[in-house]
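Here are my notes on the model you sent over. Please read them with the coordinates open.

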Amino acid sequence: MKLLYSPASPYARKVLVLAHETGLIERIAVTVAGASPTGPSAEVAAHNPLGKIPALVLEDGTALYDSRVICEYLDSLSSGPRLFPEGSARWDALTRQALADGLLDAALLTRYERVLRPEPQRWDAWEAGQVGKIRAALDRFESLVGGMPALDIGTVALGCALGYLDLRFPDLAWREGRPAVAAWYADFARRPSMETTVPKG
Ligand code: GSH
């Protein structure tokens, strides 16, 4: 299997963390690929018409995307630990994944606004709206972290989202006023799967 990824992508990191945690990482060849809303990479677009990473290309050439589908696919191959639980715990895990991914969606849109959009076209109210979503999601996690399991797809998504905020948004100072999430992340970030996938770029 070939994973199209970028070292800074938090969605691609979700896939790598899950692959490490399930022991599937040896089966995945990682290929660095570019992705930008203003300049799609031909290699990525050949597999994912949306031009986004991550995309996982299977042995028969089939491409899977997005990170949620790839993570669930890899989890289905795992004969060891499973990160997508069965039963009622599943909906809790998937909803936390959606919350963390939604936080990331707002963070990515803010990042693109800050670095890609020409300065005269920037819209402060729009950026403020996205940052409001990031803060609201963090506030919800502040009340959720105490009841979370040690590891599932929701905790992986949250860990990768917080790692991305540290990489791109130190100005948001997300730990301030959120001691529970800060303590949870300090511990979660020490997992080997997290330490070997620290984002760069
Ligand atoms: N929902 C997607 C997922 O979970 O995989 C989001 C993927 C995504 O937005 N990836 C970014 C990207 O490819 C890189 S971190 N951006 C290029 C673009 O928006 O065209």
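Which residues does UniProt list for "domain: GST N-terminal"? The unreviewed entry gives residues 1-82. Keep in mind throughout that this is a predicted model.

1. **The annotated span.** Residues 1-82 are 37% helix and 16% strand. The C-alpha atoms at the two ends of this span lie 19 Å apart.

2. **The sheet.** Four strands form an open sheet. Their order is β2-β1-β3-β4, and the pairing is mixed. β2 (29-32) and β4 are the edge strands, each pairing on one side only. β1 (residues 2-5) runs parallel to β2, with four bridges between them. For a register check, look at L4: T31 in β2 stands opposite.

3. **The helix on the sheet.** α3 lies across β1, β3 and β4. Its direction makes an angle of about 45 degrees with β3.

4. **First cis bond to check.** Most peptide bonds are trans. The bond from I53 to P54 is cis, with omega near 10 degrees. P54 sits in the loop that links α2 (42-47) to β3 (55-57). I53 also belongs to the ligand site: a polar backbone atom of I53 is 2.8 Å from a nitrogen atom of the ligand.

5. **Second cis bond to check.** The bond from Y65 to D66 is also modelled as cis, with omega near 5 degrees. Here the residue after the bond is D66, in the loop between β4 (63-64) and α3 (67-77). D66 contacts the ligand as well: a polar atom of the D66 side chain lies 2.9 Å from a ligand nitrogen atom.

6. **The ligand site.** How many residues surround the ligand? There are 14, and the closest are K52, I53, D66, S67 and Y112. Y112 brings a side-chain N or O atom to 2.9 Å from a nitrogen atom of the ligand. Please inspect this contact together with those of I53 and D66.

7. **A positive phi.** Most residues other than glycine have a negative phi. A173 has a positive phi, near 45 degrees. Where is A173 placed? A173 is in the loop between α6 (153-168) and α7 (179-188). Is A173 buried or exposed? A173 is partly exposed, at 30% relative accessible area.

In short, the backbone points to look at are the cis bonds from I53 to P54 and from Y65 to D66, and the positive phi of A173.

Methods: Residues numbered from 1 in each chain as written. Predicted model: local features only at pLDDT ≥ 70, side-chain atom pairs only at ≥ 80, totals over all residues. Heavy atoms only, no water. UniProt positions renumbered as here; feature names shortened; annotations may be inferred. Buried < 20%, exposed > 50% of the residue type's maximum accessible area, 1.4 Å probe, protein only. Pairing = 2+ DSSP bridges. Contact = heavy atoms within 4.5 Å. Axes fitted to C-alpha atoms, helices over the stretch in contact; angles between N-to-C directions. Near = heavy atom within 4 Å. Polar contact = N/O pair within 3.5 Å; in protein donor to acceptor, adjacent residues only side chain to side chain.
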